[in-house]
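This report describes a protein model, beginning with its sheet and the helices against it and ending with its internal spaces.

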Amino acid sequence: MRRFPVRSVAIALAGLVFSVQAWALERPQLHFDKRIWQPASRAHLGNHILVEYTLAGETVEKWSELVTAQLFVGLHEQLTAAQFLERTKQELEQTTSHVTWQVLRQSERDILYESSVAGDPKMPDRHELARVIVGQEGIHVIRYATKGARLPKPKRQEWIALLEAVQLL
């Protein structure tokens with residue numbers, strides 16, 4: 001009698017369940033620049049779905065630029081986009097006092113913002129552009145991050161446009 005490897009079947013079923021659950025929820029239609037980006041990490045932890053993308057040849061442990069798509073299922077019933085951003089800001093400010101923030105565009109259900117950390121000896125410099133979108137299923141956060149204190153102006157404008165182009169499907 002042939003035995004099936006239980007662990008392999010369990011992993012395959014878990015992947016199928018994750019794919020079906022993630023597929024059933026609304027998802028962002030992401031846009032990237034012309035370089036090769038790859039999904040590098042996926043996680044589904046309770047009501048939090050996370051997918052991270054790196055440039056080809058990089059990993060989530062060692063990256064120069066990172067795109068992150070998150071969905072906090074059901075959180076839209078507890079927080080507005082502005083409240084979510086304020087919570088995010090407070091959490092980062094508890095970690096470092098070397099952070100700056102700027103809201104680039106804001107409506108009731110959609111916020112585009114920028115943050116950077118520079119000069120903190122405990123944390124590497126980074127620059128982030130992000131969009132918070134309140135959808136039908138929860139709060140979506142799409143982030144583009146780069147290591148270093150500032151993005152060059154052309155790259156910053158390009159990523160602002162790419163984030164603005166994101167739509168929920």
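The model is a predicted one. Seven strands form an open sheet in the order E2-E3-E4-E8-E7-E6-E5, and their pairing is antiparallel. At the edges are strand E2 (37–45) and strand E5 (99–107), each of which pairs on one side only. From one strand to the next, the twist averages 15 degrees. In general, strands of a sheet pair through backbone hydrogen bonds, in either a parallel or an antiparallel way.

One end of this order can be followed at the level of residues. E2 and E3 run antiparallel and are joined by eight bridges. Ser41 has Glu52, in E3, as its bridge partner.

**Helices across the sheet**

Two helices lie across strands of the sheet. Helix H2 (residues 81–95) lies across E4, E5, strand E6 (110–117), E7 and E8. The direction of H2 is at about 175 degrees to E5. Helix H3 lies across E2, E4, E5, E6, E7 and E8, and runs at about 15 degrees to E7.

**Pocket and cavity**

Which residues lie nearest the centre of the second largest pocket? They are Trp63, Leu66, Arg126, Glu128 and Ala145, out of a lining of 15 residues. Strand E3 (48–55), strand E4 (65–73), strand E7 (126–134) and strand E8 (138–147) are the elements that give two or more residues to this lining.

How many cavities of 30 Å³ or more does a search of the whole structure find? The search finds one. The largest cavity is lined by Leu30, His31, Phe32, Val67, Ile142, Arg143, Trp159, Leu163 and Val166. Two elements, E8 and helix H3 (153–164), give two or more residues to the lining of this cavity. E8 therefore appears in both descriptions, as an element of the pocket lining and of the cavity lining.

The volumes and the make-up of the two linings are set out below.

| Space | Volume | Nonpolar residues | Polar residues | Charged residues |
|---|---|---|---|---|
| Second largest pocket | about 250 Å³ | seven | two | six |
| Largest cavity | about 50 Å³ | seven | one | one |

In the pocket lining, six residues are charged and seven are nonpolar. In the cavity lining, one residue is charged and seven are nonpolar.

Technical notes: Residues numbered from 1 in each chain as written. Predicted model: local features only at pLDDT ≥ 70, side-chain atom pairs only at ≥ 80, totals over all residues. Heavy atoms only, no water. 1 Å grid on protein atoms, 1.4 Å probe; cavity = no way out; pocket = protein on both sides within 12 Å on 5 of 7 lines; lining within 4 Å. Points joined across faces, edges and corners; volume = space filled by probe spheres on them. Helix = DSSP H or I, 4+ residues; strand = E, 2+ residues; numbered from the N terminus. Nonpolar A, V, L, I, M, F, W, Y, C, P; charged D, E, K, R; others polar. Pairing = 2+ DSSP bridges. Axes fitted to C-alpha atoms, helices over the stretch in contact; angles between N-to-C directions. Contact = heavy atoms within 4.5 Å.
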